Amino acid sequence: MKNKGQIWYIGYIVSLFLIVIILVTDFPKMVDLGLAILFSAVFGVSHVQILHDKMMKNDADYKINVMDERNIIIKEKTGNITNMFNTILLGVATVIFICLDYIIPAIIVGSIIAIQPIILIIISSVLEKKM
């Protein structure tokens, strides 16, 4: 249980590795931009998760607020509504890609839309078994 929070420190190492790749290699600007975005995402998620874990251990008020049933229900409902909006936006993006004759992006986004319900069913089944 103690090692659970330490896995996020790997994100710092990966972030440092990405920065070194950007600085040392001579990739095109678009690849460097993609690596920079990946660096930002990995570093941000790792840093926030580490801070969250530390606050859960050290700050009693924070832990109470996070574990409050009302807040948990609000987060769940917000996540469900956000998922619906994201699915709608992905559908609109797929239609726009098809109208612009961008077939490959349309196939990719359409595949994401098709995979979302499968992921939802799998995650729901796993969570149901845990509860």
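The turns below discuss ring pairs and a pocket in a predicted model. Local features need pLDDT of at least 70, side-chain atom pairs count only at pLDDT 80 or more, and totals for chains, interfaces and linings use all residues. Residues are numbered from 1 along each chain as its sequence is written, and side-chain values use heavy atoms, with hydrogens and water left out.

Me: Which class, stacked, tilted or edge-to-face, fits the rings of Tyr-12 and Phe-43?
Reply: Rings of Phe, Tyr and Trp (its six-membered ring) pair if their centres lie within 6.5 Å, with planes under 30 degrees apart counted as stacked, over 60 as edge-to-face and the rest as tilted. The structure holds four aromatic pairs. For Tyr-12 and Phe-43 the centres are 5.5 Å apart and the planes stand at 45°, so this pair is tilted.

Me: How many residues apart in sequence are the parts that the pair of Tyr-12 and Phe-43 ties together?
Reply: Helices are DSSP runs (H or I, at least four residues), numbered from the N terminus. Tyr-12 belongs to helix H1 (residues 9–24) and Phe-43 to helix H2 (residues 29–58), so the parts tied together are separated in sequence by 31 residues.

Me: Is Phe-43 buried, partly exposed or exposed?
Reply: Buried means under 20% relative accessible area and exposed over 50%, with partly exposed in between (1.4 Å probe, protein chains only). The relative accessible area of Phe-43 is 33%, which makes this residue partly exposed.

Me: Which residues do ring pairs link into a cluster?
Reply: Tyr-12, at a relative accessible area of 26%, is partly exposed. The cluster linked by ring pairs consists of Tyr-9, Tyr-12, Phe-39 and Phe-43.

Notes
Helix = DSSP H or I, 4+ residues; strand = E, 2+ residues; numbered from the N terminus.
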